[in-house]
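Keep the sequence and the model side by side. The text below walks through strands, core, disulfide and charged pairs in turn.

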Amino acid sequence: QVQLVESGGGLVQAGVSLRLSCTASGRTSSNYAMGWFRQAPGKEREVVAAINRSGDSSYYADSVKGRFTISRDNAKNTVYLQMNSLKPEDTALYYCAARSAPNGSGYYLNGGVYGYWGQGTQVTVSS
């Protein structure tokens, strides 16, 4: 069992930066591929970024590419999402998710394959 807790969200103005953190407890996070997802009101959940368990391979949605960076510190059981140049359209509830991948080297984009989710942290960007 893995418990995920996100932090770092807030209300900010467009153009500034935020860093989200997702800390895992229960089992070592190094065996898990991780992802950040978001859901805005009235919209479906979408993948923002994903990273493999070793941290050497990652994916970004086109809408955040060049502005967001996903990283992980397995020694701290923590995954980060550095968000720069925030835009009002980035406003959403951001979730981190974990998928067991003890032998895998890839990342996952489909939220349906993730077995563990955090409660989410709200990011609101004003114009």
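Strand 4 (32-39) and strand 9 (92-100) run antiparallel and are joined by 8 bridges. Strands here are DSSP runs of E with at least two residues, numbered from the N terminus. Two strands count as paired if DSSP finds at least two bridges between them. Within this pairing, tryptophan 36 has cysteine 96 of strand 9 as its bridge partner. Keep both residues in mind; they return below.

This is a predicted model, in which local features need pLDDT of at least 70, side-chain atom pairs count only at pLDDT 80 or more, and totals for chains, interfaces and linings use all residues. Residues are numbered from 1 along each chain as its sequence is written, and side-chain values use heavy atoms, with hydrogens and water left out.

Strand 9 has further partners. It pairs with strand 11 (121-126) in the antiparallel sense over 3 bridges. There, alanine 92 is bridged to valine 123 of strand 11. Strand 9 also pairs with strand 10 (residues 116-117), again antiparallel, over 2 bridges. In that pairing, alanine 98 meets tyrosine 116 of strand 10.

Now turn to the open sheet. It has 4 strands in the order 1-3-8-7, with antiparallel pairing. Strand 1 (3-7) and strand 7 (68-73) are the edges, each pairing on one side only. From one strand to the next, the twist averages 15°, with axes taken as lines fitted to C-alpha atoms and angles running from 0 to 180 degrees between N-to-C directions. Strand 7 is joined to strand 8 (residues 78-83) by 6 bridges in the antiparallel sense. One of the bridge pairs there is serine 71 with tyrosine 80 of strand 8. Strands of a sheet pair through backbone hydrogen bonds, either parallel or antiparallel.

What fills the inside? The largest nonpolar core has 29 residues. A nonpolar core is a set of buried Ala, Val, Leu, Ile, Met, Phe, Trp, Tyr and Cys residues joined through side-chain atoms within 4.5 Å. Buried means under 20% relative accessible area, exposed over 50%, and partly exposed in between (1.4 Å probe, protein chains only). Trp36, Leu81, Met83 and Tyr94 have the most contacts inside this core. Strands 3, 4, 5, 7, 8, 9 and 11 each supply at least two of its residues. Apart from it lies another core, of 5 residues, among them Val47, Ala50, Ala97 and Tyr114.

Which residues does leucine 81 touch, not counting residues up to four places away in sequence? Its contacts (heavy atoms within 4.5 Å) include Leu18, Leu20, Trp36, Val48, Phe68, Ile70 and Tyr94. Arg19 and Thr69 are on the list as well. In soluble globular proteins, nonpolar side chains tend to be buried together.

Next comes the covalent link. A search of the whole structure finds 1 disulfide, defined as a pair of cysteine sulfur atoms within 2.5 Å. It joins cysteine 22 to cysteine 96, S to S 1.9 Å. Cysteine 22 lies in strand 3 and cysteine 96 in strand 9, so the bond ties together parts that are 74 residues apart in sequence. The torsion about the S-S bond is about 50°, so the disulfide is right-handed. Cysteine 22 counts as buried because its relative accessibility is 1%. Cysteine 96 is buried too, at 0%.

Finally, the charges. The structure holds 4 salt bridges. Each needs a side-chain nitrogen of Lys or Arg within 4 Å of a carboxyl oxygen of Asp or Glu. Aspartate 90 sits in the loop between strand 8 and strand 9. Is aspartate 90 buried or exposed? Its relative accessible area is 1%, so aspartate 90 is buried.

Aspartate 90 forms a salt bridge with arginine 38, the closest N and O atoms being 3.0 Å apart. Arginine 38 is in strand 4, so this pair ties together parts that are 52 residues apart in sequence. Arginine 38 is buried, as is aspartate 90. Aspartate 90 also meets arginine 67 in a salt bridge (2.7 Å, N to O). Arginine 67 lies in the loop between strand 6 (58-60) and strand 7, 23 residues apart from aspartate 90. Both of these residues are buried. Arg38, Glu46, Arg67 and Asp90 are linked in a network of salt bridges.

Lysine 65 pairs with aspartate 62 in another salt bridge, the closest N and O atoms being 3.1 Å apart. Aspartate 62 counts as exposed because its relative accessibility is 67%.
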